[in-house]
Every structure is written in structure tokens, then in C-alpha cells.
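Here is a quick tour of a two-chain model, written for someone who likes to check each point against the coordinates. Have the structure open as you read.

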2 protein chains.
Amino acid sequence: MSKKSVIVALDAMGGDKAPKIVLQGAEIARKRYPEMKFIIFGDTAKIRPHIDKRRQLAEISTLVHTDVVVSGEEKPSNAIRGPLKLSSMRLAVEAVKNGDADCVVSAGNTGALMALSKIIFRMLPGIDRPAISSFFPTLRGESVMLDLGANIQCDADNLVQFAVMGNVFARIALGANHPSIGLLNVGTEDKKGHDELQEAHARLSDANIPGKYIGFIEGDDIASGKTDVVVTDGFTGNIALKTAEGTANLTTEFLKRTFRSSIFAQLGYLFAARSMRKLKHRLDPRRYNGAIFLGLNGITVKSHGGTDGFGFANAIGVAHDMVRADVKDKIKADLAAVENF
Amino acid sequence: MSKKSVIVALDAMGGDKAPKIVLQGAEIARKRYPEMKFIIFGDTAKIRPHIDKRRQLAEISTLVHTDVVVSGEEKPSNAIRGPLKLSSMRLAVEAVKNGDADCVVSAGNTGALMALSKIIFRMLPGIDRPAISSFFPTLRGESVMLDLGANIQCDADNLVQFAVMGNVFARIALGANHPSIGLLNVGTEDKKGHDELQEAHARLSDANIPGKYIGFIEGDDIASGKTDVVVTDGFTGNIALKTAEGTANLTTEFLKRTFRSSIFAQLGYLFAARSMRKLKHRLDPRRYNGAIFLGLNGITVKSHGGTDGFGFANAIGVAHDMVRADVKDKIKADLAAVENF
């Protein structure tokens, strides 16, 4: 069975250890998805050493040279206009717009990538604002959350649209058939939270949206996996995501110190090492790398800037799955169903 | 050296396992603070069995009977008016107002306790709104955060006042001499976040507030302990606190499963058990129990409703420290210093 290729536009210059991690990630992804092809944008002098030693990757890759790079500190608006018009990031996004590629993956400046994706792809009909979404481990498997930082303030319309898009993302990324959806709040009673939340709650309760809206959920319900989809504004979502990351770091750091704290504990670690490696794997943030920008008429996936090749390959994997599952068409179809209600 | 007694008004009927945990907590606190006395409000028929077997506690306690209880589900406004006027919670707060007690501790309905404390104590001069504050473990020791849920929306004035109050709380509760203060945001650049945050940031940067204002911090800085004080609005603070609790539960649950996952891991646990108990102690939420309502002209400490006697005793300890250190006078003095700026 031969499949149509998925062509991935890669911004080779984004991320702390670019372009190395980008090429390492592409090599891992190549093995996972044998039909994949790449268009790689960036400084060929820097990319060459990494691709020349990967003959099979070189065969399925097209290199496009530019030495213009959007730095991590650049203001997003600068990425759109002026001398950065030929940046590797911008060229990669435009490759999708032009039909040369199916999706773009970058580990660069999030704000710039979002600004470029918005202005080049534009919004899907019926969506007012894009949302950043990703998935994470919970006690009950995995869940998705959105928005993780695209919109500091959101109205009820935005939140309802996020619920519809999150539901599509959970079906594709988690394989959930009929995802449950919760609206993040400071309590589960109907009257809790500010006006936007109350209005979104009323509309989600009434609208026959795809998936199963269960109402308000609280911060501790995120990690318990109470719902497959966690809907919130970009300010709250960003704080919650980073607070969770910080807390996970804290507990694993305390655990490391514990195992080093005595000779008995060190011995204990030796016995438990195999199981501990499984735990480490389970909580490995690289496994959950790859945040999609939902609501755009194009597929953009943002990799964590500090990840390695393994993590970057997972971000490529998210983009691949979104292309294969036609995420844009599914969002359009689901939105149409809600609006007909 | 004899000290003046600290008299604690206890709402014996608040919390999942009241009044048992309240009396257990009082007994532990009695041993820690030999000069402490209690006024215990609640259903004496239910309290008696727990106090009769603790002779020394009975000697330093005054029981005040009422069979009116504010349930966990009660609307806060109902706790103020009507038939709940004689509730154990209200009588305990009034005991402080009347000068019969120095502080009140309750594990009951948070919203009701806040509403009663506000209406009975009133605000300190110069403070517009109270904030709920508590402390938690970080990689660098302990930090405090506020507001944890009293105010869903906050303006720049509120946030500046929270910074001043959090600084006082950190000095008392953590023993920090010159606490560092951060304003929770979705990025550390000056232009990040909504208007209230920008304005609060500008004013905190200009004002010579006590402590050391270091600017914006992000969600992962909470657990890393980047600052001694984390300032945020009550919506964000509540979400962050509960997200952190949920994530800590997730990692410890995964760790438990890991140790049970094979015979080798179980053996490993046996060797490491002593160190693991230390880790468990370090992360034990009961150790961080006791949230103070700052900004009121009276000292109210809220215990977690699901805690046990050990946790409740720690909430009593927070109240004790706030009385001994004159938290209200310190806030007034610090506020005066800022306003003179």
C-alpha cells in the first residue's frame, strides 16, 4: 500500500541547538514515516555537516538556503515586516501556503511563528482566533489543553470555538472517540468565575457540540485526567502548563536527591532502576513535545526550543498526524454542526 | 519567661472530619505552644467525646455551644444573614472581633469564612481587598503565593497591595529578611500580559516597596522558588495552586505504581524506604496547611477541609505566628512606607 507523501517544511534555524536537533529529529521521523519528505530552510553552510552524514535523509530532503534567522528575543511583529521577510521561519510557513509542503515545524520564537502563521495562513472560516494546543500525561492516560498562550484574553466565542477545536485535536492526537471536555475554572458550581466563563459555560451546555461537555473543572483535574480536553484562555493555560512543568521538575529533582541521600537509597535505586527508567520515560517531556496552532488554514507545529532530536521528531509526528487526519476539514465540519444547532 | 497567651477561636464544625480533626489538631498545638488557649465553637454533644479524653486540652479550652453549622455547599452570602447567624464559624470570627480571642481557625467553607471575616473584621486602612495566602515547597526552600482565590479579578492597586502584604507574610512565615517578589505572568518581558499586570509592574518597579521586586515571573518559577513571594490575581493563583497539587499527586502516584511494578522495584523500595519517608515528609501537604486571609483587621486562617489533626495543628501554628508577629501592624507600617514614596 503506497501512501501519498507527507511533505514537512522545517525551519532548521529555530531552537537552542539548531540546526543540529532539527536534522536529528528529521532523521528519526524519516524512519518512523518512510513516505515523508522534507523541505529544509536555513543556512546551508550550517545544515550541510548534519545532512551529509545522513545519506537517506539527504535523498528525501530539499535544502533552501537563507541566512536570515528570527531570534528567540525578536518581537513577533518584526518577523513579519522588514529584513526578516526572508527568514527560515517565514519561508517554511510560506512553503505550506504555496502548496509545496503540507505542514511546518519550528522550534523557534513562538510569538513570531504564531504571527507569521496567522498572517500567511489566515483563520479557518468560523474561527476568530487561533489556539495553541498540546497534550500531556494524566492519571487516566493523556489529555489535551488549549489555549496555551496565543490569546491573553478570550471571550465566550473564543472559548466555545476552542472546545470544538480541542475535541477534534483529542480525537486525532489521542484517538479518543467521544472526548470529554471541561472548562477550567476556580470551582465547579455554575456561578463560579468571570463573565466570559459563565457565558461560555451556558453556551457549551446548550449547544450540541461534538464530544461530551461536562462543565467546569478545576486545576487539579488537569493532571487527574478528569476530561480529555481542557479549555481555557491563553493566559491561564500558559500559567497552568508551566506550573505543572515546574512542579514535575520539583518532584523529580527531590526524588533524585532522595536516591542520592544514603547508601541504602542508592542500593534501592539499583534494584528499582529498570522500573524507574520506565517512570522517567512515562514523564519524559520530549514525548509530549509538539504544540499545534489550531484554527488556522494551515498546519503549524511548534517544538519546544530546548528539546533534542528525539523531542523534535515527536513534534514532526504531531504535524504528520494532523496532515493525515485532515485536521482543518474536521474542524470545519464540526463547527458547521454546532452552528446548525 | 512567661508569654502572654495566644487565644485561638476554633470553628469545631468545619472540615470533612470535624469536629474530630479540630480537637486532634488543638491537642497537638497545645503541646507545641504551651501558653495557648482555645475557645471552641460547635455542637458540644459532638465535641465532648473528643475533649473529655484530653484532660489538659479541656483545662485550657472554653466550649461555646451552637448546633448551627455552615455546610461546605452553602452560598457565602447565606452565612452572613438569616438562620446561620449563630453558626460555629460566625461565632468564632466574632470572638476575635470582640477581643475574646486573637485569631480564628476554621476548616470550613472558604467563601463563607472569607465573607464573614470581611464583614466582621473589615479591611485594614489602605487595603481594598483581602487576599488568601499560603506557602509551599520549592527547590530553594519555601515560598508564599497570593491571592489564591479571594478575588477573581484584580486591578493594579490590588496587585501592588498584595505585593506589600505578601512581603510581610514571607518575613513572618518563612523568616525571610528581605523577601524577593515576583509578579506572575506569561513571559518576563516588560510588554507581556494584560493591562492590570503592566500597570502593577510599572508601579512596583518605581515604588520603593519593602522587599525586592524582581519583575515578572512565569509558572515554572513558582516551584523553582525564583522568588520568595509570588503575586497574582485570585483566579490565576487558584488555578496555579490546584494545578501544582494535581501534578504533585500525579508524580507521586506514578512513583507508587513504579515501586509496585516488579519484585525488584519492591526490593529497591525496602532499601530506600527511610529516604523515601523523608521525601514524603518533605512534600506532605499537611505541612503546608493553613492559608491566611491577609488585609483584614483580624486574623483568620483557613485549614484545608480534608486535612487531619496534624494538618489542622499546622494551620493553628500559622495563626499563632501571625498573632505573635503582629501581622496587621506590620502591613500597616509597610503600606505607610510605600504611600510616602
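What follows goes from the way the copies are arranged to the domains, the cores, one strand and one helix residue.

This is a predicted model, in which local features need pLDDT of at least 70, side-chain atom pairs count only at pLDDT 80 or more, and totals for chains, interfaces and linings use all residues. Residues are numbered from 1 along each chain as its sequence is written, while chains are lettered from A and ligands numbered from 1 in the order in which they are written.

**How the two chains meet**

Start with the symmetry. A turn of 180° with a shift of 0.0 Å along the axis lays chain B on chain A with an RMSD of 0.0 Å, the superposition being by least squares on C-alpha atoms of residues with pLDDT of at least 70 in both. That is the relation of a two-fold axis. In chain B, G268(B) has the C-alpha nearest the axis, 1.8 Å away from it.

The copies meet through the same surface, because 100% of the interface residues of chain B are also interface residues in chain A. Contact here asks for C-beta atoms, placed from the backbone, within 7 Å of each other. Helices (H or I, at least four residues) and strands (E, at least two) are DSSP runs, numbered from the N terminus. On the side of chain B that touches chain A, α9 (219-224), α10 (234-260) and α11 (263-283) of chain B each supply at least two residues, and α10(B) gives the most, with 22 residues.

**Two domains in chain A**

The domain assignment, which is automatic or from a database, splits chain A into domain 1 (1-125 + 295-326) and domain 2 (128-294). Their centres, taken over C-alpha atoms, are 25 Å apart. On the domain 1 side of this contact, α12(A) gives the most, with eight residues.

Here are the two contacts side by side:

| Contact | Residues from each side |
|---|---|
| Chain B with chain A | 54 residues from chain B, 54 residues from chain A |
| Domain 1 with domain 2 of chain A | 22 residues from domain 1, 16 residues from domain 2 |

**The cores**

A nonpolar core is a set of buried Ala, Val, Leu, Ile, Met, Phe, Trp, Tyr and Cys residues joined through C-beta atoms within 7 Å. Buried calls for 20 or more other C-beta atoms within 10 Å of a residue's own, exposed for 12 or fewer, and partly exposed lies in between, with C-beta atoms placed from the backbone. The largest core has 206 residues, and V8(A) and V8(B) have the most contacts inside it. Beyond neighbours within four places in sequence, the contacts of V8(A) include M36(A), F38(A), C103(A) and I316(A). Another core, of 14 residues, lies apart from the largest one, with F259(A), F271(A), F259(B) and A265(B) among them.

**Strand β5 of chain B**

How many of the residues of strand β5 (residues 131-138) of chain B are buried? Eight of its eight are. Two strands pair if DSSP finds at least two bridges between them. Six bridges join β5(B) to the antiparallel β6 (residues 141-146) of chain B, and these two strands form a hairpin with two residues between them. Three bridges join β5(B) to β10 (residues 291-294) of chain B, also antiparallel, where I132(B) has F293(B) as its bridge partner.

**Out on a helix**

Finally, look at A336(A), which sits in helix α13 (residues 327-339) of chain A. A336(A) is exposed, because 11 other C-beta atoms lie within 10 Å.

Notes: Contact = placed C-beta atoms within 7 Å.
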